[in-house]
Amino acid sequence: MRQNIRVDEHEGRIRSLDETDIHILELLQRDSRAPLAKIAKSVGLTSPSVHERIARLEREGFIEGYSAVLDFKKLGFGITAFVGITLDRTICCTDEEMISAIDSIGGVLECHRLAGDEDLLLKVRTTDTHSLEKILGEKIARVKGVSRTRSVIALSSPIEKTWMDLSKL
């Protein structure tokens with residue numbers, strides 16, 4: 001039996017997730033459209049009990065939302081690139097304003113703050129290298145505060161998950 005996971009929240013409270021909460025989260029992240037009855041059977045509870053647990057996990061922010069996982073290649077977005085950005089904070093605004101400007105650029109799926117030589121790392125999906133070049137030169141490079149970019153194009157993505165195995169926590 002797994003031990004409970006204790007989570008420190010911002011307000012200083014500590015919330016424990018029990019094994020059933022973790023199992024429900026595992027099931028939902030793999031199939032968020034799973035019927036309550038199926039989840040209830042898997043965790044050994046009634047559907048109303050599972051519904052209440054899910055509602056609580058949503059209220060407490062453990063579940064942020066539900067979405068469909070798209071096949072970007074089938075939609076014509078066959079290029080995945082990672083763009084490292086070095087910022088010059090002396091010529092611009094706040095980090096939040098720069099990130100907001102980057103978020104408005106089509107094709108940017110993720111933005112991560114980094115420790116190291118670069119300040120931000122973006123994951124970008126695009127149709128081809130020409131459109132990637134336009135995103136880099138006409139969009140990202142023109143964001144105030146961006147002083148340098150470095151791009152890497154993925155040849156393939158053999159592991160690309162939308163879930164994490166919580167059973168090993």
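Is Asp 18 buried, partly exposed or exposed? Select Asp 18 and you have the start of our tour: at 25% relative accessibility, it counts as partly exposed. Keep in mind as you click along that this is a predicted model.

**Stop 1: Asp 18 and its partner**

With Asp 18 still selected, add Arg 53. The two form a salt bridge, and their closest N and O atoms are 3.0 Å apart. Arg 53 belongs to helix H3, while Asp 18 sits in the loop between strand E2 (14-17) and H1, so the pair ties together parts that are 35 residues apart in sequence. Arg 53 itself is buried, with a relative accessible area of 18%, because the cut-off for buried is under 20%.

**Stop 2: Asp 21 and Arg 56**

Now move on to Asp 21, in helix H1 (residues 19-30). Asp 21 is buried, at a relative accessible area of 1%. Show the side chain of Arg 56 as well: the side chain of Asp 21 makes a polar contact with it at 2.9 Å.

**Stop 3: two more salt bridges**

The whole structure holds 8 salt bridges. For another of them, select Arg 59 and Glu 52, whose side chains meet at 3.6 Å, N to O. Arg 59 is exposed, with 58% relative accessible area, and Glu 52 is partly exposed, with 44%.

Next, pick Glu 96 and Arg 113. Their side chains meet in a salt bridge of 2.8 Å, N to O. This pair links distant parts of the chain, with Glu 96 in helix H4 (residues 95-103) and Arg 113 in strand E4 (residues 108-113), 17 residues apart. Arg 113 counts as exposed, at 52% relative accessibility.

Before leaving the charged residues, select Asp 18, Asp 21, Arg 53 and Arg 56 together: salt bridges that share partners join these four into one network.

**Stop 4: the far end of helix H1's sequence story**

Stay with helix H1 and find Gln 29. Gln 29 is partly exposed, at 26% relative accessibility. What does Gln 29 contact, leaving aside its neighbours within four places in sequence? Select Trp 163, Met 164 and Leu 166 to see those partners. The C-alpha atoms of Gln 29 and Trp 163 are separated by 5.7 Å, although the two residues are 134 apart along the chain. Zoom in on Met 164 too: its backbone oxygen is reached by the side chain of Gln 29 at 2.4 Å.

**Stop 5: helix H5 and its two sides**

Select helix H5 (residues 129-139) and colour Ser 131, Leu 132, Ile 135 and Leu 136, which are buried. Look down the axis of H5: the buried residues fall within an arc of 140°, so they line one face of the helix. Among the elements covering them are E3, strand E5 (120-126) and strand E6 (146-153). Turn to the other side of H5 and you will find His 130 and Glu 133 exposed.

Then add Asp 128, which caps the N-terminal end of H5. One of its side-chain oxygens lies 3.2 Å from the backbone nitrogen of His 130.

**Stop 6: a nonpolar patch**

Finish on the surface with Leu 70, Leu 75 and Phe 77. They form a nonpolar patch with about 280 Å² of accessible area together. Leu 75 lies in the loop between helix H3 (47-59) and strand E3 (79-87), and counts as exposed at 51% relative accessibility.

Notes. Residues are numbered from 1 along each chain as its sequence is written. This is a predicted model: local features need pLDDT of at least 70, side-chain atom pairs count only at pLDDT 80 or more; totals for chains, interfaces and linings use all residues. Side-chain values use heavy atoms; hydrogens and water are left out. Helices (H or I, at least four residues) and strands (E, at least two) are DSSP runs, numbered from the N terminus. Buried means under 20% relative accessible area, exposed over 50%, partly exposed in between (1.4 Å probe, protein chains only). A polar contact is a pair of N or O atoms within 3.5 Å; within protein, one must be able to donate a hydrogen and the other to accept it, and residues adjacent in sequence count only if both atoms are side-chain atoms. Patches are made of residues with over 30% relative accessible area and no salt bridge: like charges are joined within 9 Å, nonpolar side chains (Val, Leu, Ile, Met, Phe, Trp, Tyr) within 5 Å. Accessible areas come from the Shrake-Rupley method with a 1.4 Å probe; for residues, only the protein chains shown count as cover. The arc is that of the directions from the helix axis to the C-beta atoms. Contact means heavy atoms within 4.5 Å.
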